[in-house]
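Student: I've got a new structure open and don't know my way around it. Can you walk me through it?

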Amino acid sequence: MTDGAVTEVARVLVAADKFKGSLTAVQVAERVTAGLRRVVPELVVETLPVADGGDGTVAAAVAAGFERREVTVTGPLGEPVTAAFALRGATAVVEMAEASGLQLLPGGVFAPLTATTYGSGELLRAALDAGATTIVFGVGGSATTDGGAGMLAALGARFLDADGEPVGPGGGALARLASADLSDVDPRFADVDLVLASDVDNPLTGPKGCAAVYGPQKGASPEDVETLDAALAHYARILEKAIGPKAAELAASPGAGGAGGIGYGALLIGASFRPGIELMLEVLGFAPALERATLVITGEGSLDEQTLHGKAPAGVAAAARAAGKDVVAVCGRLALPPAALGAAGIRRAYPLADLEPDAATSIANAGPLLEQVAANIARDFIA
């Protein structure tokens, strides 16, 4: 045994997020398991793929035993797309990226001013139709910056211009908004526990708002960012006229800026906000799995400063540390010093870059490299 190996009979819990662009969270768990058992063939390994509310959240729920349901909805550019949500009993996990995510855009095509969340509203309605009374609404990975206006329109809200016509799709069109009416939003939300799961706590507008911080990732130029931020501020003012001061309060609330402001739309219809990974660990049944484990392996594609601010590995490590469990991490790229890892509750990180420094080659061969890394973990902590 080396590097402080566990002394009781080892039972490993693999609770890692996806390696974006190369491996899903399920594939990460499979590869880590294979690498561990290459060294310790009889090792007991429990896998619990995790997500923080962004893309991959439905897949994590399905891996944890939820049923996958598919429905045709409106994509971010207005075209029909097939989107999935997860259902177990009366609890649904809905991922906005399934309907309105960046991954649905054609390669190299962005639509920062016109991409719509309409399909996310259709997806929420499908969850209601399936009998859900608790909906975990994971937001992240969006192609959109429309403040959730498209989602609300799909649920029955009306957003009209000065001529009494519906405003067009996307955040840019909100500059022409003259009136808003939320009175016909699906009444079933009054009896549903809608929980907004997000790894960001940004407000709707301003220097920390969704357009300024995340707009450039969706193809927004500096001029587009200004246009979107002004349009979203106007949208909030029109909503304040429609429903009162609550609209302004919610616009400034943590999470309102999640996924291009869809967080704001969810808050307007009664959602409560919780950090995505904290909520998802509850939904996925992490606590009992953690209790059974002697070592926890977490990770994601890049362990960096963002990881420390609500990403899945930080949430897993915090919960594991509180339970007195050792945690190590796997990643494609490591950009955190040992002190930061230790402060987050991670004893050691194993980046694929240590085995293959070339990023493109590492991404292309992420699976076999991850198995090698997991074998090293087994030698250091178990064998």
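Tutor: We'll go through a sheet, the helices on it, the cores, some rings and one lysine. Keep in mind that this is a predicted model.

Student: OK, sheet first. In what order do the strands of the open sheet come?

Tutor: The order is 2-1-11-12-13. That makes five strands, with parallel pairing.

Student: Which strands stand at the edges?

Tutor: Strand 2 (44–47) and strand 13 (348–351). Each has a single partner strand, so one side of each has no neighbour in the sheet.

Student: And how much is the twist from one strand to the next?

Tutor: It averages 25°.

Student: How many bridges join strand 12 to strand 13?

Tutor: Four, and the two strands run parallel. Strand 12 covers residues 326–334. To find your place, look for C331, which sits opposite P351 in strand 13.

Student: What about helices? Which strands does helix 15 touch?

Tutor: Helix 15 (residues 366–381) packs on the sheet and touches strand 11, strand 12 and strand 13. Its direction is at about 150° to that of strand 13. Helix 12 (residues 312–322) lies across strand 11 (295–303) and strand 12. The angle between helix 12 and strand 11 is about 160°.

Student: Switching topic. Which residues touch the most other members in the largest nonpolar core?

Tutor: I135, F137, F159, Y235 and Y264. That core has 55 residues. I135 has contacts with A92, V94, L124 and L128, among them, leaving aside residues up to four places away in sequence. Another core, of 39 residues, lies apart and includes V283, L290, V316 and L341.

Student: Back to the tyrosines. What kind of aromatic pair do Y235 and Y264 form?

Tutor: An edge-to-face one. The centres are 5.8 Å apart, with 80° between the planes.

Student: Are they buried or exposed?

Tutor: Both Y235 and Y264 are buried. Ring pairs also link F159 with Y235 and Y264 in a cluster.

Student: What does the tyrosine pair tie together?

Tutor: Parts 29 residues apart in sequence, because Y235 is in helix 7 (residues 222–243) and Y264 is in helix 9 (residues 258–268).

Student: Last one. Where is K325?

Tutor: In the loop between helix 12 and strand 12.

Student: Which backbone oxygens does its side chain reach?

Tutor: The side chain of K325 reaches the backbone oxygen of E291 at 3.4 Å. A polar atom of the K325 side chain is also 2.7 Å from the backbone oxygen of A293. Among the other residues K325 touches are L290, V296 and A320.

How values were computed. Residues are numbered from 1 along each chain as its sequence is written. This is a predicted model: local features need pLDDT of at least 70, side-chain atom pairs count only at pLDDT 80 or more; totals for chains, interfaces and linings use all residues. Side-chain values use heavy atoms; hydrogens and water are left out. Two strands pair if DSSP finds at least two bridges between them. Axes are lines fitted to C-alpha atoms, for helices over the stretch in contact, and angles run from 0 to 180 degrees between N-to-C directions. Contact means heavy atoms within 4.5 Å. A nonpolar core is a set of buried Ala, Val, Leu, Ile, Met, Phe, Trp, Tyr and Cys residues joined through side-chain atoms within 4.5 Å. Buried means under 20% relative accessible area, exposed over 50%, partly exposed in between (1.4 Å probe, protein chains only). Rings of Phe, Tyr and Trp (its six-membered ring) pair if their centres lie within 6.5 Å; planes under 30 degrees apart count as stacked, over 60 as edge-to-face and the rest as tilted. A polar contact is a pair of N or O atoms within 3.5 Å; within protein, one must be able to donate a hydrogen and the other to accept it, and residues adjacent in sequence count only if both atoms are side-chain atoms.
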